[in-house]
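Work through the exercises below with the sequence and the coordinates at hand. Each task is followed by a stepwise solution.

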Amino acid sequence: MNAIRGLLAHHKTGRGFHQGQVVAASVDDTVQDAARNTVKLLSFNIQVGINTQQYRHYLTRSWQHILPTSARVTNLDQIARLISPYDIVAIQEADGGSLRSGFINQIEYLAHRARFPYWYQQLNRNLGRIAQHSNGLLTRQEPLDLEDHKLPGLLPGRGAIVTRLGSAENPLLVVMMHLALSQRTRNNQLAYIRDLIKGCEHVILMGDMNTHAEQLMGHSPLKGSDLRPALWDDNTFPSWRPRKSLDHIFLSSSLFVRDYGVVDFALSDHLPVSVEIELPSGFKV
């Protein structure tokens with residue numbers, strides 16, 4: 001564990017996106033990526049790296065929300081292998097480096113292990129050494145800019161990360177979020193996000209939205225927008241017997257879906273969702 005912390009300590013840190021010390025892609029890989037003009041997206045609520053396979057684990061493994069376990073690093077390594085083929089990854093329910101995670105910033109750790117050169121950790125609930133409730137965004141292209149937004153709600157702790165990729169003249173706007181359980185609060189948060197993306201042509205919303213796509217499209221501030229779900233109520237929760245569709249990737253009509261699905265990776269209590277999009281002609285990320 002000390003060796004891991006020492007290795008991560010050498011990464012460049014600071015405000016905004018962090019650029020890790022990773023091996024640059026080969027020329028052939030770079031040319032191939034530019035030619036395909038597609039982007040692979042993944043959104044995953046990792047539940048702080050706790051392996052939850054049945055309801056009784058919420059009780060028997062509840063101590064892992066407070067205390068460290070060596071199994072958590074093994075689980076993070078599995079998650080890193082999962083996310084490594086993707087271009088943009090949204091992570092919910094990570095720990096920013098407290099007692100329960102062995103003082104490992106889980107977003108930074110995943111970025112290093114999966115070789116993402118750019119990553120951002122959003123701290124939403126700071127309980128000091130006990131817990132650092134966080135979201136994260138990882139990307140393989142340097143962002144034009146990034147904004148950290150605290151979402152409205154009676155209780156603090158929900159956030160959205162907003163970043164732009166591509167060209168300043170015609171950017172791709174990516175918003176990752178973890179929304180509230182209450183429909184009223186969730187709609188207030190979506191109204192806030194709707195104002196953030198107003199006037200943007202190419203938009204991606206991704207994250208744990210805590211409700212079904214049907215409700216989001218028909219009974220929330222997303223109704224009547226240019227956005228549509230890449231997956232329509234494909235169940236993601238609980239991971240061992242999915243009955244609810246809580247995790248989503250929404251896209252503007254300018255973005256064409258080439259592939260999509262719920263990923264069969266039952267480690268957290270949520271399943272990840274994956275989408276591959278084709279960018280508009282002449283648009284590169």
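**Exercise 1: A backbone angle in a loop**

Val48 sits in the loop between β2 (38-45) and α3 (57-60), where helices (H or I, at least four residues) and strands (E, at least two) are DSSP runs numbered from the N terminus. The model is predicted, so local features need pLDDT of at least 70 and side-chain atom pairs count only at pLDDT 80 or more, while totals for chains, interfaces and linings use all residues. Residues are numbered from 1 along each chain as its sequence is written, and side-chain values use heavy atoms, with hydrogens and water left out.

Task: State the phi of Val48 and decide whether Val48 is buried or exposed.

Solution.
Step 1. Val48 is not a glycine, yet its phi is positive, near 60°.
Step 2. The classes are buried (under 20% relative accessible area), exposed (over 50%) and partly exposed (in between), with a 1.4 Å probe and protein chains only.
Step 3. Val48 is buried because its relative accessibility is 4%.

**Exercise 2: Another positive phi**

Task: Locate Phe103 and classify its exposure.

Solution.
Step 1. The loop between β3 (88-95) and α5 (106-113) holds Phe103.
Step 2. Phe103, a residue other than glycine, has a positive phi of about 60°.
Step 3. With a relative accessibility of 33%, Phe103 counts as partly exposed.

**Exercise 3: The partners of β2**

Task: Find the strands that pair with β2 and give the sense of each pairing.

Solution.
Step 1. Two strands pair if DSSP finds at least two bridges between them.
Step 2. β2 and β13 (residues 273-278) are antiparallel and share 6 bridges; Leu41 has Val275 of β13 as its bridge partner.
Step 3. β2 and β3 run parallel and are joined by 5 bridges; here Asn45 stands opposite Gln92 of β3.
Step 4. As for cover, 7 of the 8 residues of β2 are buried.

**Exercise 4: A nonpolar patch**

Task: Name the residues of the nonpolar surface patch of about 280 Å² and place Leu127.

Solution.
Step 1. Patch residues have over 30% relative accessible area and no salt bridge (a side-chain nitrogen of Lys or Arg within 4 Å of a carboxyl oxygen of Asp or Glu).
Step 2. Like charges are joined within 9 Å, and nonpolar side chains (Val, Leu, Ile, Met, Phe, Trp, Tyr) within 5 Å; areas come from the Shrake-Rupley method with a 1.4 Å probe, and for residues only the protein chains shown count as cover.
Step 3. Ile66, Leu127 and Ile130 make the patch.
Step 4. Leu127 lies in the loop between β4 (118-126) and β5 (132-139) and is partly exposed, at 46% relative accessible area.
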